[in-house]
Amino acid sequence: MLGLMQNHPLLISSLIDFAARHHGDGQIVSRRVEGDIHRYTWKDVQQRAKQVANALNAEGLNAGDRVGTLAWNGYRHLELYYGVSGSERVLHTINPRLLPDQIAWIANHAEDQILCFDMTFLPIIQAIHAHCKTVKKWVALCDADKLPQDTGIPNLVSYEDWIGAQSANYSWPVFDENTASSLCYTSGTTGNPKGALYSHRSTVLHAFAAVLPDAMGLSASDSALPVVPMFHVNAWGMPYSAAMVGAKLVMPGPAMDGKSIYELMESEKVTFAAGVPTVWQMLLNYVGQNNLKFSSLKRTVIGGSACPPAMITAFREKYGVDVLHAWGMTEMSPLGTLCTLKEKHKSLSEAERNAIRMKQGRAIYGVDLKIVGADGTEQPWDGATYGDLYVTGPWILASYFKNEGGDPLEDGWFPTGDVATIDADGFMQITDRSKDVIKSGGEWISSIDVENTAMGHPAVAMAACIGMPHPKWDERPIVAVALKPGAEVSREELLKFFEGKMAKWQIPDDVVFVDSIPIGATGKMLKTKLREQLRDYKLPTL
Ligand code: ADP
């Protein structure tokens, strides 16, 4: 027997219609590429997204056609999020920090028909346009009078001219909620990048889960700042979840340095922000050096790579900002776990509670987790036994775009490539990427533990731990360290700092001082590059 409830497909257009109708005057604030601040409302987003939809119709784009973006977090990008997906086309967000050749490769693989870009990226477009065979129109995200004349790019138009010619009179089409809505390629550190193709259903369900109190806990009373880019897994879904609850949305544009982010947070009374640890480190450095305080910021989601414990305590204890450590992947839309405490943890000491906060957290409804040992069996949730982490759920990838790489699932579960423990309360802790785990004398050493410990030293800005071949132990860890400007610490002092904080055999054999740790296109450490840099390195113990 079927239930007798109305059957509305879960479509992304319903999010912007809701925000426009129920939070029509809710503010959207963006720092533009030009440096000035732009303000308007959810109602304006809806109207201009409809102009985008009409512009795509005028170009003759079919349902399912891809529209690429190379853009910062800003209002025009937001309009494309809704106008492209809402009109049944697929929004393909491209990471502009990739090399031009990689960008062209991705645009060709996705068969983008139109490519919209911020003016920051004009030189990239000039370098690649001749190689992008499927792109028939280039749209510069700027006012008509900001478009230079002699770019050499054919079929180039300013966004304002492009949508300005269209009316906002448009009815969103209604279609199957499993229709593709947006496309995001994984960084491709091993082999070519692969596309994760999200659907309207997966995106709306993910937004429902993201706003739950034990997840991001977003509401209409929040002023929310996604520092995480809209080209990086849809800014962790915030353009959708902010619309779902009618939060004020504040977008930083290209200005991601500590000063710019801090000033935006203060002027827009930001209560909630989300980003990767490297960005928060820049912010904390700026705030610390200038003796500042956060006057409105209440909580921040940190994820994308392991959040150093020192960062969690700095935010909480120095500034009264709650940190939600979160874990996910492009293939998971991206949210999998967030770390919020349970009622039973109220009776614990602050130190015990902090130890839990360092973990990547509990699954949100919709995501299931399991860890699997080398023998293929599921491992116990005891907080000590580690295994390969698998996930399943309605916003987790079933296969890659164009079926690249074949069927990735194993018995319906997606292998994350992470190694983790899960404790009896369901709190998951990532030990490593499986390829970064250090195998020493048959035991595994967590490179994340080594890095977190090193970053607890006041002189250390960033640390990366890698394994070096060893004839007796297989591998031994060393830690590459970049110091804070002006700070000093010796190799011996730093090695001593590990004593008592880790088991003896887990302490790195050596410290290598470097000017900076190589960072990839999504703000994560590039250990492959570091290994290359240290290719002639020899362990001192050999
Ligand atoms: P994203 O960076 O948006 O999470 P990616 O697909 O680029 O997505 O990378 C996913 C990988 O990043 C995970 O498999 C994991 O290795 C790592 N990662 C993400 N969040 C964390 C975290 N909080 N702690 C440790 N590693 C993390």
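**Exercise 1.** Which residues form one aromatic cluster with Phe294?

*Solution.* In this predicted model, Phe294 belongs to one aromatic cluster together with Tyr262, Trp280, Tyr286, Phe315 and Tyr319. A search of the whole structure finds 13 aromatic pairs, and the next two exercises look at individual pairs.

**Exercise 2.** Classify the ring pair of Tyr82 and Tyr240, and say where in the chain the two residues lie.

*Solution.* To begin, recall that a pair of aromatic rings is described by the distance of the centres and the angle of the planes. The centres of the rings of Tyr82 and Tyr240 are 6.1 Å apart, and their planes stand at 80°. Planes over 60 degrees apart count as edge-to-face, so the pair of Tyr82 and Tyr240 is edge-to-face. Turning to position, Tyr82 lies in helix H3 (residues 75-86) and Tyr240 in helix H9 (residues 238-245), so that the pair links distant parts of the chain, 158 residues apart. Both Tyr82 and Tyr240 are buried.

**Exercise 3.** Repeat the reasoning for Phe294 and Tyr319, and decide whether each residue is buried or exposed.

*Solution.* The ring centres of Phe294 and Tyr319 lie 5.3 Å apart with the planes at 80°, and therefore this pair is edge-to-face. Phe294 sits in the loop between helix H11 (277-289) and strand S13 (299-302), whereas Tyr319 is in helix H12 (residues 309-319), 25 residues apart. For the second part, the cut-off needed is that buried means under 20% relative accessible area. Phe294 has a relative accessible area of 9%, so Phe294 is buried, and Tyr319, at 12% relative accessibility, counts as buried.

**Exercise 4.** Find the distance between the charged end of Lys501 and the centre of the ring of Phe497.

*Solution.* The charged end of Lys501 sits over the ring of Phe497, at 3.6 Å from its centre. In another such arrangement, Lys370 lies over the face of Tyr390, 5.7 Å from the ring centre.

**Exercise 5.** Describe the surroundings of the ligand, starting with the residues that come nearest.

*Solution.* There are 16 residues around the ligand, of which Ala326, Gly328, Asp418, Arg433 and Lys524 come nearest. By type, the shell divides into 6 nonpolar, 7 polar and 3 charged residues. Strand S14 (322-328) and helix H8 (233-236) each supply at least two residues of this shell, and S14 gives the most, with 4 residues. Looking at single atoms, a polar side-chain atom of His325 lies 3.1 Å from a nitrogen atom of the ligand, while a polar backbone atom of Gly328 is 2.8 Å from an oxygen atom of the ligand. Finally, the ligand taken alone exposes 540 Å², and the protein buries 92% of that.

Methods. Residues are numbered from 1 along each chain as its sequence is written. This is a predicted model: local features need pLDDT of at least 70, side-chain atom pairs count only at pLDDT 80 or more; totals for chains, interfaces and linings use all residues. Side-chain values use heavy atoms; hydrogens and water are left out. Rings of Phe, Tyr and Trp (its six-membered ring) pair if their centres lie within 6.5 Å; planes under 30 degrees apart count as stacked, over 60 as edge-to-face and the rest as tilted. Buried means under 20% relative accessible area, exposed over 50%, partly exposed in between (1.4 Å probe, protein chains only). A charge sits over a ring if NZ of Lys or CZ of Arg is within 6 Å of the ring centre and within 35 degrees of the ring normal. A residue is near a molecule or strand if one of its heavy atoms lies within 4 Å of it. A polar contact is a pair of N or O atoms within 3.5 Å; within protein, one must be able to donate a hydrogen and the other to accept it, and residues adjacent in sequence count only if both atoms are side-chain atoms. Accessible areas come from the Shrake-Rupley method with a 1.4 Å probe; for residues, only the protein chains shown count as cover. Ala, Val, Leu, Ile, Met, Phe, Trp, Tyr, Cys and Pro count as nonpolar, Asp, Glu, Lys and Arg as charged, and the others, Gly among them, as polar.
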